[in-house]
Structure formats: structure tokens, C-alpha cells
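The following paragraphs offer a guided reading of one structure, moving from its pockets to its sheets, a helix and some points of backbone geometry. Please keep the sequence and the model in view while reading.

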Amino acid sequence: MSTTPLDRQPTAAFLLPQYEAVRGFTHVLCEPLEIEDYVVQSMPDASPIRWHLAHTTWFFETFILKRFARNFDPVHPMYEYLFNSYYNGIGEQFPRPQRGLLTRPTVAEIIDYRRQVDDRIEKLLLEAQRSDAAQIASLVELGLHHEQQHQELMLTDLKHAFAQNPLYPVYQPCDPCQKQDSTNRPQSWHGFDGRIVEVGHATDRFAYDNELPRHEALIQSFEIAGRLVTNGEYREFVEDNGYERPELWLSMGWNQVQNDRWNSPLYWVHREDAWHEFTLHGLVPLDPHAPVTHISYFEADAFARWKGVRLPTEFEWETASQSVSGEGNFVEMQKFHPIAADSDVGLRQMMGDAWEWTASPYVAYPGYQPAEGAIGEYNGKFMCNQYVLRGGSCATSQSHIRNTYRNFFPPEARWQFTGIRLAK
């Protein structure tokens, strides 16, 4: 999974600070929660917070302690079944849609499970045999990136659960987190010449296997928008009856609109003759200058068609992103929502704020090889009926993202922080 030359490290102890920081931040994200918030599951695609806490711990116990710890004894013999997500090579899994039916183990027992596994992992990192250190460090590094993915899922799953409540619960008050300048920034277009480009991960730092191998791709000349599509721009699409015009939609998208009665982005609420948006700060007036988010691929594609343009391919996006820094609105800023572009210059919001749908199906790169064993189920087996997203979101860790990172979701998915950048 990782291209980091960990075999040159004499021990695995160098990962201890990173391990403690990542695992600790999971608990920081839980600080605003009440005990009832940990157990609810609002839809089959989401999971209870307590399950995320347990599953990320199960990952370290199953893939590392079970293999490398001396005299290994599981914390609980049923946890391997209860908290296995989709790893068929490990064994049977408790049904995903029923995770919210489990009231036991309790939240307190899950927290204790995390503590016990953390103690054992830290001991292993300090005492691992030299011959095992590189493999242990590589798996721990993968486990930490896996946990950062679940930190993002915790926020988006919790938001979906809160949105089902007519009280519109507040995860974090919006004062002072939302007091930033929100003004209209004109859209701009940035051109790139057609050529053969190199794409995919190239350094010796961590990368997922689906970012490899680096290879050549042909792109035609294109232009890409300077910032994300805003709520105000998307509201024009809504008010122009965009959800009622079948000529704008892919066939599957139109069926989705009809079956689920979509008429706006997922968390938009129309009340008192004005649009509002449910956020992790509660229900707030819709900010017309902030990026539109919680948009499916179908909606992004229909909006682009309405504008007379299109979505970028993932290789166009990656080519354009090489000219920008990795700065952006990430989870470390704890704003927990996309914010308006703060400049008129250059490519903005390429990293953070909202995941950006591309027109590219999620498929393997030429020469792709998944890892051996159950760990190889991490990415490869999902390369069907999904689209690639790039750039990260306001719920993504900055230390987790890079411009070669390939996220993927089915085209109808809306509960993630997903947005739109246009191309032509």
C-alpha cells in the first residue's frame, strides 16, 4: 500500500507520535457528542459513531496485533465478526444495514477496546523485532490513513443522522467558526495545452495502491474553472427548473430524481420563502457565495450540461492541480463546512472544501496490482460503477490528502461533502 522506504528504518517506534496524534484526533471529533449520538444509524450507507471507533481499532488488532504480537489474544472473540467491514478474506461480517441495532458492546466498552489496542500497538512499535519493523510500520501507516478516512465518515454520517431530526441539532456552534468574509468572486477559466502527461503517485511517501503505478496519459487542450460552483450559481439551476428537465440528465440520473423526488441538494431546506442549508452548525441561511456541496455525480453532470460545459476528467484535474499548493479548508481548521473563495486569482479551492466530481469512472491504472491477502480488498474490488473524486473536503485531514489521491463513490451518493468544478 505504501511506497515509503520503511525498510530503512531500524525500528517502528518513529511512528508513535503520528499514531498518538491521529488516534487522539478521533476523540477530539467526539468531544461535542452526547452518548445518544454514538449509536444511531440513519441509512445503510452510514454507520454509527461507535462502529467507526470500533472498526478502526479492529483494523489495528486484526491486521497487525494478530500477526505480529507475541501471545496474541483478542480483546473479545466476537469483535472480529462485529467490526469487520467488507474484508471477505478475514471472514463473515455483521450486516452493514443493521449496525445501528447493536446496543452492545456499549460506548464505554468500545472506548476501552481502543485503549487496550492502543497500549498493545504502542508496545509493539517499541519492541518489534528488527526483521518485522518495516512490515509493522507499513501496516500501521496504512491503518492511520484508514482512520483518517473514518474520521471524515464520522462527520458525514453524523451530519446525515442529525439532518433527520426536526430539531436540526448543532454539532459545533457557528460562532466564531463561520465568521469569514463571504463575497462574490467571479468565475475564471484557466487553460492547459494538450499533451502526454504523467499521472499517478511518484514520490516515496505514502500512497494507496489505486494511485499506482505512475503512467502516461494523453489529454487534449482544456480549460478548468478557477473555483468551485457556488450555492448561488446552483440556485439559478434549481430556479430554472433544472430538476424538472429530463434533457439535462443522464437516464439513470433522471430515474434517481423521479424515484427520490430530488429538487435541490441534499441538505437544502426551503422555509419562509428562502433557502436554508443544514450544516454541522445547525440550520443556517444559504450562503450564495460558498461552494455548493452534497451534490451527486448526476446533479454535477446535469448542472454542467445546463451551463453548456462539462466536468473535468481526473487526469485534467490532476494536471491542473500540480500548479497549486496543498493549502485549503481541511478538518484541522474545524470549520466543518465549505467556505467561499478568498481570492480572484488563479486556481482556488483545489484542495479542501468539497470533493470534486470528475467525469472519470473509477478503474484500475495500467499495470495495477492490489496487495496480497485480505488487505488487497481495500480498493481494487470497488472498481465498478463508481466515479472518481479529487481534492479532499472540509472533513478531510490535510496530512491525508495529495493531488494523486483517488476517492470514489457511486454516482447517486450525496451524503459526503461533494461539489462541482467545471471544465470545457
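The residues that line the second largest pocket divide into eight nonpolar, 14 polar and five charged. The model is a predicted one, and the values given here are computed from it. This second largest pocket has a volume of about 580 Å³. Its lining consists of 27 residues, and those nearest the centre of the pocket are R205, F206, S399, I401 and R402. Two elements, α1 (16-30) and α5, each give two or more residues to the lining of the second largest pocket.

Helix α5 leads on to the largest pocket. The space in the largest pocket amounts to about 1,000 Å³. Lining it are 42 residues, of which R96, L153, F408, F409 and W415 are the closest to its centre. At least two lining residues of the largest pocket come from each of α2 (49-68), α5 (130-163) and β10. Which element supplies the largest share of this lining? Helix α5 does, with seven residues. By residue class, the lining of the largest pocket comprises 18 nonpolar, 15 polar and nine charged residues.

Strand β10, which contributes to the lining of the largest pocket, also belongs to a sheet. As general background, strands of a sheet pair through backbone hydrogen bonds, in either a parallel or an antiparallel manner. The sheet that contains β10 is open and has four strands in the order β10-β9-β8-β11, with mixed pairing. Why is one side of β10 and of β11 left without a neighbour in the sheet? Strands β10 (407-409) and β11 (418-419) stand at the edges and each has a single partner strand, so one side of each lacks a neighbour there. The partnership of β8 (residues 355-361) with β11 is parallel and rests on two bridges. Within this pairing, W355 has T418 of β11 as its bridge partner.

A further open sheet consists of three strands in the order β5-β6-β7, and its pairing is antiparallel. Its edge strands, β5 (268-271) and β7 (282-285), each pair on one side only. On average, neighbouring strands of this sheet are turned by 35 degrees against each other, with direction ignored. Strand β6 (residues 274-279) is joined to β7 by four bridges, and the two strands run antiparallel. Across this pairing, F278 stands opposite L283 in β7.

Attention now turns to a helix that is mostly covered. In α9 (residues 314-321), seven of the eight residues are buried. These buried residues are E314, E316, W317, E318, T319, A320 and S321. Which strands help to cover them? The covering elements include β1 (189-192), β2 (195-199), β3 (215-219), β4 (222-225), β8 and β9 (387-390). Strands β8 and β9 also take part in the four-stranded sheet.

Helix α9 also contains F315. Leaving aside residues up to four places away in sequence, F315 touches V199, H215, A217, I219 and Y365. F315 and T404 are 89 residues apart in sequence, while the distance between their C-alpha atoms is 9.3 Å.

The last features concern the backbone itself. Most peptide bonds are trans, and most residues other than glycine have a negative phi. Where do cis bonds occur in this model? One is the peptide bond from R104 to P105, with omega near 0 degrees. P105 is placed in the loop between α3 (79-82) and α4 (107-127). Another cis peptide bond joins L212 and P213, with omega at about -5 degrees. P213 lies in the loop between β2 and β3, two strands that are also among the elements covering the buried residues of α9.

Positive phi values appear in residues other than glycine as well. Y168 has a phi near 45 degrees and is located in the loop between α5 and β1. N241 has a phi near 60 degrees, and its place is in the loop between α6 (231-239) and α7 (251-260). Is N241 buried, exposed or partly exposed? Its relative accessibility is 39%, and partly exposed residues are those that fall between under 20% for buried and over 50% for exposed. N241 therefore counts as partly exposed.

Key: Residues numbered from 1 in each chain as written. Predicted model: local features only at pLDDT ≥ 70, side-chain atom pairs only at ≥ 80, totals over all residues. Heavy atoms only, no water. Pairing = 2+ DSSP bridges. 1 Å grid on protein atoms, 1.4 Å probe; cavity = no way out; pocket = protein on both sides within 12 Å on 5 of 7 lines; lining within 4 Å. Points joined across faces, edges and corners; volume = space filled by probe spheres on them. Nonpolar A, V, L, I, M, F, W, Y, C, P; charged D, E, K, R; others polar. Axes fitted to C-alpha atoms, helices over the stretch in contact; angles between N-to-C directions. Buried < 20%, exposed > 50% of the residue type's maximum accessible area, 1.4 Å probe, protein only. Contact = heavy atoms within 4.5 Å.
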